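Hi,

Here's the structure I promised to pass on. Have a look first, and my notes on what turned up are underneath.

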Amino acid sequence: MIIFLLAFLILCGFLSYIHMADQWKALSGKPTEERKMMPEVPGLKPANPPVLPAPQKADASPAFSKMLPQRPRKHFRRGPPHLQIRAPNTDSKAGTQGDTKERAAAPGDAHQKENTQRTIISWRGAVIEPEQGTGLPLRRAEAPAKPSPLVTRIQKEPALLNERQEGVIEAFRHAWKGYRQFAWGHDELRPVSRSFSEWFGLGLTLIDALDTMWILGLKQEFEEARTWVSQKLNFKKDVDVNLFESTIRILGGLLSTYHLSGDRLFLRKAKDFGNRLMPAFMTPSKIPYSDVNIGTGVAHPPQWTSDSTVSEVTSIQLEFRELSRLTGVKKFQEAAEEVTRHVHHLSGKKDGLVPMFINTHSGSFTHLGVFTLGARADSYYEYLLKQWIQGGKQETQLLEDYLAAIEGIKTHLVRHSEPNKLTFIGELTHDRFSAKMDHLVCFLPGTLALGVHHGLPADHMELARALMETCYQMNRQMETGLSPEIVHFNLYPPTDNLDVKVKPADRHNLLRPETVESLFYLYRTTGDRKYQDWGWEILQSFNKYTRVPSGGYTSINNVQNPHKPEPRDKMESFFLGETLKYLYLLFSDDQNLLSLDTYVFNTEAHPLPIWALS
Ligand code: DMJ
């Protein structure tokens, strides 16, 4: 009897074990795909990281000299594609555009031969439905936008490309080749190790590069990326994003791509993403937190402080305002403009200059007395001007703050270096001047020139030209021809002939756009071809010292050592979103290619329409 009972109990235990094991397997198997998608953000490591081909050592030869672009060919016609305006596509409306076309080589398949013949795909970004597209802008978020003739005009008139534009296209293709092969759908390419890195886990480079592909006329690449957005981009993820960075790159990228392509997929994605960012504004002061979890809707400041960065909270307005205008949903614009109004009235400024931090509880500036045009303050100034332009030059408070700030800059931060008297922008710490200038500050000559283009005082242009020369010299005086992250200017005659000194910790170059961004504005507004020549020199330096043979470009550690620039193994998304786009536009002689009278570029180089006066 006892033996029988024991045997029965063992049998029952065995059967229930099999049943439970099946359930465990089902439970742990289900989220596998989700885990693969999880970003590698601090404190949120994927349990099961995506499988990649084992990284191989790339030829990290410092000179990369064999990889210099071939002498570009003579003029020939290309550029933005001829597009057919088709009848509305039901597929597109449903948000499930077929994307059924076969491809010989799937992106991210590192084993696939690059020269595999691919099926020619049609250009579908052109589906422009009568009720969609770039709106004739309204000043306020009162109604959804109407279609704009701008979109079709850009597409119908292929530009005459010159050799230098061809050089940019070649560089873009090389960068894209690396991203496509080794980092497809991930945030950033690590070109040397032929792998990728994640920041938000949202395909950052792909989204940042969408409108660049459109502008450069890279149909096939655009279409393939669009398919990824349609099928794989999912914002329903338990992941923290930085409000500012994701706004300027993702929201800005989606909105501008919608405007250029007229494809509502991008607007739908932008609206979804914008909604997920909104919890960031739920703070006691309405000054948004730096981070927000787009899956859970929980927003928070950085771990070490309840402060936000001033440039971050004041450089999301172009995008949120435009999102409201397009969707008719007012909350985006209202939340962003509340911040602008609040900062406008705050004390703690010095002749229009703002501190670098602001507290999300009290709403006051913190760390008072420190003023810079570099990191943490830079785009506050840029967005004052650009919002004023975006809104049809109606919002005089923005203009007043901008003009006051430029006077503050002239009074407190502008100096001249020795021996060559380069005009530069330094920093102020409790009334002590420091001759330190971030490369980030090189956005300023372009912004000043843009203001003059829109009717602001002509003396701003003098400062713009002088600063442009300085930013060029920050590149030129380096052995690689590429600017370091930070320079210090000599205020007294040095023993050598150089105006610029670089500290060992500041010698890196992250493929940033600011110098070429300003060159674009200076060329557009003056027509002086030397700015194109300077941009061409910089592109050649990128090709010589940062290009990775197997695909992609890399940040480098030492711009002063042409023999050993030390690749950092990362291609930032803004290299495709901004640097190459601005170079392409700089080399164009077509003033109507994204005219400064029609578009305003956000701080990540995504063009948004200027609202027409109603
Ligand atoms: C970009 O994300 C934007 O240009 C931003 O305004 C500053 N930093 C990078 C480029 O340097």
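A quick word on terms before the ligand: a residue counts as near a molecule if one of its heavy atoms lies within 4 Å of it. Also, please keep in mind that this is a predicted model.

So, which residues surround the ligand? They are Ile248, Arg249, Leu440, Arg512, Pro513, Glu514, Phe574, Glu578, Thr603 and Glu604. Three of these also come up when you look at polar atoms. Arg512 has a polar side-chain atom 2.7 Å from an oxygen atom of the ligand. For Thr603, an N or O atom of the side chain is 2.7 Å from a ligand oxygen. Glu604 places a polar side-chain atom 2.6 Å from an oxygen atom of the ligand.

Next, the largest pocket. Its volume is about 1400 Å³, and 49 residues line it. Nearest its centre you'll find Trp199, Asn242, Phe244, Glu245 and Glu312. Several elements give two or more residues to this lining, including β5 (240-242), β6 (291-293), β8 (307-309), α10 (310-313) and α13 (378-390). Helices α17 (514-526) and α19 (573-587) are also among them. The largest share, four residues, comes from α8, which covers residues 243-261. What is the lining made of, by class? It has 18 nonpolar, 13 polar and 18 charged residues.

If you want a single helix to look at, try α14, which runs over residues 396-412. It has 17 residues and reaches 24 Å from its first C-alpha to its last, close to the 24 Å expected at 1.5 Å a residue. Its buried residues are Leu398, Leu399, Asp401, Tyr402, Ala405, Ile406, Gly408, Ile409 and His412.

One last spot is Thr480, which sits in the loop between α16 (459-476) and β17 (486-489). Is Thr480 buried or exposed? Buried means under 20% relative accessible area, and Thr480 has 2% relative accessibility, so it counts as buried. A polar atom of the Thr480 side chain lies 3.3 Å from the backbone nitrogen of Leu482. Thr480 and Pro565 are 85 residues apart along the chain, with 8.1 Å between their C-alpha atoms.

That's what I have for now. Shout if anything is unclear.

Cheers

How values were computed: Residues are numbered from 1 along each chain as its sequence is written. This is a predicted model: local features need pLDDT of at least 70, side-chain atom pairs count only at pLDDT 80 or more; totals for chains, interfaces and linings use all residues. Side-chain values use heavy atoms; hydrogens and water are left out. On a 1 Å grid over the protein atoms alone, a cavity is a set of points where a 1.4 Å probe fits but cannot get out, and a pocket is an open set with protein on both sides within 12 Å along at least five of seven lines; lining residues have an atom within 4 Å of a point. Grid points are joined across faces, edges and corners, and a volume is the space filled by probe spheres set on the points. Ala, Val, Leu, Ile, Met, Phe, Trp, Tyr, Cys and Pro count as nonpolar, Asp, Glu, Lys and Arg as charged, and the others, Gly among them, as polar. The expected span of a helix is 1.5 Å times one less than its number of residues. Buried means under 20% relative accessible area, exposed over 50%, partly exposed in between (1.4 Å probe, protein chains only). A polar contact is a pair of N or O atoms within 3.5 Å; within protein, one must be able to donate a hydrogen and the other to accept it, and residues adjacent in sequence count only if both atoms are side-chain atoms.
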